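Trainee: I am new to this model and would like a close look at a single part of it, with enough of its surroundings to place it. Could you take one residue as the starting point and build the picture outward from there?

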Amino acid sequence: MSALTLLLALLQLQQLNQLLPFPLEQGPPQSPASVSGVVIDSQTKQPLAGVTVMAQGSGGLGGKLIAVTGNDGRFLFPSIPPGQYAIEASRPGYVSEMIGNPREDGLNGPIIQLLNPGQVLSEVRLVLTPGGVITGRLA
């Protein structure tokens, strides 16, 4: 292969790398992050069992991880790839709750929690509020 052909191939690869939403060249593997905490009822201040806690990767490239709280209201994601996540707790009869920071672009959307390589995010406290029900009869 001539030096010119090699140079042209490298330039094309560089241009392609700039167009993709992820790098073609992967660096060394990154240490996973972990997230743990508890979900409690806003009125009783007691831990809530059976709450679904979801960590959804943002940007369309991340996956979805799900944990369910135990009788002690605790949840654990022991190994999450670093990145941006929308982390939400939900249970029927309650208003969902999210942790993280509002989007920086000012648009409506999920609250984002940035997880860095090797980060341990512990003692996260999510408070769920019981949903209201309106009953009655229209005359």
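Trainee: Leaving aside its neighbours within four places in sequence, which residues is Q113 in contact with?

Mentor: Before the answer, please note that this is a predicted model, in which local features need pLDDT (the predictor's confidence in each residue, from 0 to 100) of at least 70 and side-chain atom pairs count only at pLDDT 80 or more, while totals for chains, interfaces and linings use all residues. Residues are numbered from 1 along each chain as its sequence is written, and side-chain values use heavy atoms, with hydrogens and water left out.

Contact here means heavy atoms within 4.5 Å, and, with neighbours within four places in sequence set aside, Q113 is in contact with G83, Q84, Y85, I87, I99, G100 and L121. Q113 lies in strand β8, which covers residues 113–115; helices (H or I, at least four residues) and strands (E, at least two) are DSSP runs, numbered from the N terminus. Q113 counts as buried because its relative accessible area is 14%, where buried means under 20%, exposed over 50% and partly exposed in between, computed with a 1.4 Å probe on protein chains only.

To place that strand, it helps to look at the whole chain. The protein chain comes to one helix and nine strands, and from the N terminus on its elements run α-β-β-β-β-β-β-β-β-β. Of its 139 residues, 24% count as buried, and residues 24 or more positions apart account for 65% of the contacts with a separation of 6 or more. The average pLDDT of the protein chain is 81, with 71% of the residues scoring at least 70. Confidence is lowest in helix α1 (residues 3–19), at a mean of 55, and highest in β1, at 96. Where pLDDT is low, the predicted coordinates should not be read in detail.

Turning to the strands, two of them pair if DSSP finds at least two bridges between them, and an open sheet of four strands, with mixed pairing, has the order β4-β1-β9-β6. Its edge strands are β4 (74–80) and β6 (94–95), each of which pairs on one side only. Within this sheet, β1 (residues 33–41) and β4 pair in the antiparallel sense over five bridges, and S36 stands opposite L76 in β4.

Strand β2 (residues 52–57) has side chains that alternate: V53, A55 and G57 point to one face and are buried, while T52, M54 and Q56 point to the other and are not. With strand β3 (residues 64–68), β2 pairs in the antiparallel sense over five bridges, and the bridge partner of M54 in β3 is I66. With strand β5 (residues 83–90), β2 pairs, again in the antiparallel sense, over six bridges, and Q56 stands opposite A86 in β5.

Several of these strands also share a core. A nonpolar core is a set of buried Ala, Val, Leu, Ile, Met, Phe, Trp, Tyr and Cys residues joined through side-chain atoms within 4.5 Å, and the largest one has 21 residues, with V35, V39, V53, F75 and F77 having the most contacts inside it. The elements that give two or more residues to this core are β1, β2, β4, β5 and β9 (120–130), and β9 gives the most, with four residues. F77, not counting residues up to four places away in sequence, touches A33, S34, V35, V53, M54, A55, L65, I66 and A67.

Two loops complete the view. T69 is found in the loop between β3 and β4 and counts as buried because its relative accessibility is 5%. A polar contact is a pair of N or O atoms within 3.5 Å; within protein, one must be able to donate a hydrogen and the other to accept it, and residues adjacent in sequence count only if both atoms are side-chain atoms. The side chain of T69 reaches the backbone nitrogen of V51 at 2.9 Å, and a polar atom of the side chain of T69 lies 3.1 Å from the backbone nitrogen of G50. Beyond residues up to four places away in sequence, T69 touches V39, L48, A49, G50, V51, V53, R74 and F75. Among these is A49, which is found in the loop between β1 and β2 and counts as partly exposed because its relative accessibility is 30%. The C-alpha atoms of A49 and G70, 21 residues apart along the chain, are separated by 5.1 Å.
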